[in-house]
Amino acid sequence: MNDRDPVESLADIRHEFGEHGGVNMSVEASTTFTVMDPETIPEIFEGGKGPDQGGCYLYGRHYNPTVYNLGRQLAAIEGSEAAYCTSSGMGAIAAAILQVCKTGDHIVASTAIYGGTYALLHDFLPSRANITTSLVDINDADAVTAAVTSRTRVIFAESFSNPTLRVADVPALARIAHGHGAKLIIDNTFSPLLMAPLDWGADVVVHSITKFISGASDIIAGAVCAEEKFIGGLMDVQTGPLMLLGPTMDPKVAFEINTRLPHLSLRMAEHGRRAGAIARELDALGLEVVYPGLPQHPDHELAVHLCREGYGFGGVLGLDVGSEDTANRLMERLQNGYRFGYMAVSLGYFDTLMSCSGSSTSSELTDADKAAAGIPPGYIRISVGYTGSLEQRLDQLRGALAEVGLS
Ligand code: PLP
């Protein structure tokens with residue numbers, strides 16, 4: 001692992017001034033671009049004369065200067081040669097997988113993944129494309145190796161799993177993947193800056209920008225970060241899944257996200273500081289709290305090894321209160337009685353968001369797969385925000401816990 005600091009990498013890339021010397025880059029809203037020399041058109045189409053190869057921009061679904069600029073910034077953060085920005089996290093995940101897998105191929109994925117990704121792998125891809133997935137405990141290297149077949153092209157895991165917060169052993173998974181000629185794709189949605197999976201050997205990083213990177217729960221967006229060749233392939237006019245399925249990011253969205261990257265590190269640090277303090281408080285009260293920063297977490301040592309200092313252990317924690325009914329009563333009090341946060345799916349917002357995973361963002365999983373993933377019915381995922389003061393939030397939490405008889 002190199003000791004690259006993603007915040008410094010972002011600051012190091014050349015800042016692009018706006019059209020009139022503005023301190024912000026300009027928004028290039030155009031979907032199509034003038035070609036000065038008609039002879040170059042075939043080469044541009046074949047990808048041999050893009051904006052970085054002495055050619056020009058062609059069409060917005062392919063490359064747009066503003067979206068391209070955001071891609072460069074995300075690539076700098078993740079330490080990849082290139083990145084492509086998509087209209088959602090699911091668009092990024094689906095495109096990355098379809099870039100590697102064709103019909104008949106096989107994927108080994110973690111049992112602990114976001115419900116939408118689970119549905120893509122478990123239901124959609126087998127029925128639509130004959131791409132099958134074996135779900136395994138990704139922290140059990142023997143189980144991962146045993147699940148690999150001669151058709152396995154991808155090992156897929158989340159850096160910090162949604163919602164169970166298991167930490168992927170990226171170097172070990174990379175060794176297994178590369179030993180079998182497969183690619184390791186890591187969804188780094190929960191841990192931008194905190195973990196840099198490509199630095200630990202992953203081949204592709206995907207993001208739901210919708211979460212921490214955006215930070216305001218007002219934009220759906222995603223990204224794929226990988227080698228130049230891989231990203232170029234996503235945009236191939238004949239075979240590129242992004243080019244042909246079309247989940248392109250809008251330039252105005254790209255501009256918005258670009259204004260939020262400079263303070264991502266400050267936000268991630270405060271999310272992590274608050275989540276750690278709340279996790280310790282819940283632990284001290286004797287509750288079943290899941291947070292990789294707690295020494296009893298099964299992946300604590302791994303998290304210490306893989307994560308960058310200064311961001312705690314992420315902004316999300318889990319709390320198992322025993323039953324869905326108790327979970328609902330606690331969330332209702334926390335929202336309506338104490339204004340601690342909101343009952344809402346998603347995460348990475350500046351306010352605290354809470355959801356009972358089994359009946360919401362992991363409801364796509366069969367009961368058996370929920371059990372295998374370690375999602376009990378009373379499990380609440382809490383994405384810890386940074387509004388108000390920490391002391392105020394801890395008081396609100398204590399009050400609500402006491403009201404529902406949990407302390
Ligand atoms: N990956 C993870 C870990 C997620 O939590 C989510 C959404 O919750 C997604 C991907 C999908 O992202 P989007 O909603 O931006 O498509």
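1. Domain organisation. In this predicted model, the domain assignment divides the protein into domain 1, residues 6-262, and domain 2, residues 263-403. The separation between the C-alpha centres of domain 1 and domain 2 is 27 Å.

2. Interface between the domains. On the side of domain 1, 41 residues make contact with domain 2, which contributes 45 residues of its own. Domain 1 and domain 2 bury about 3,600 Å² between them, and carbon and sulfur atoms account for 65% of this area. Within domain 1, Pro163, Leu194 and Phe212 provide 20% of the area buried against domain 2, more than any other three residues.

3. The cis peptide at Pro163. Pro163, one of the three interface residues just named, follows Asn162 through a cis peptide bond whose omega is near 5°. As to location, Pro163 belongs to the loop that runs between strand S4 (152-158) and helix H7 (170-179). Its partner in the cis bond, Asn162, is listed among the closest residues to the ligand. The two residues of this peptide bond thus appear in two separate parts of the present note: Asn162 at the ligand and Pro163 at the domain interface.

4. Surroundings of the ligand. The ligand is surrounded by 14 residues, and the closest are Asn162, Asp187, Ser208, Thr210 and Lys211. Sorted by class, this shell holds five nonpolar, six polar and three charged residues. Helix H4, spanning residues 89-100, makes the greatest contribution to the shell, namely three residues.

5. Polar contacts and burial of the ligand. A nitrogen atom of the ligand lies 2.6 Å from a polar atom in the side chain of Asp187. For Lys211, an N or O atom of the side chain is 2.8 Å from an oxygen atom of the ligand. At Met90 the backbone is involved: one of its polar atoms is 2.8 Å from a ligand oxygen. The ligand taken alone exposes 390 Å², and 92% of that area is buried by the protein.

6. Backbone geometry at Asn130. Asn130 is a residue other than glycine with a positive phi, near 55°. Asn130 is placed in the loop connecting helix H5 (115-129) and strand S3 (132-136).

Note on methods
Residues are numbered from 1 along each chain as its sequence is written. This is a predicted model: local features need pLDDT of at least 70, side-chain atom pairs count only at pLDDT 80 or more; totals for chains, interfaces and linings use all residues. Side-chain values use heavy atoms; hydrogens and water are left out. A residue is near a molecule or strand if one of its heavy atoms lies within 4 Å of it. A polar contact is a pair of N or O atoms within 3.5 Å; within protein, one must be able to donate a hydrogen and the other to accept it, and residues adjacent in sequence count only if both atoms are side-chain atoms. Accessible areas come from the Shrake-Rupley method with a 1.4 Å probe; for residues, only the protein chains shown count as cover. Helices (H or I, at least four residues) and strands (E, at least two) are DSSP runs, numbered from the N terminus. Ala, Val, Leu, Ile, Met, Phe, Trp, Tyr, Cys and Pro count as nonpolar, Asp, Glu, Lys and Arg as charged, and the others, Gly among them, as polar. Domain bounds come from an automatic or database domain assignment. Contact means heavy atoms within 4.5 Å. Buried area is the accessible area (1.4 Å probe) that two parts lose on being put together, summed over both.
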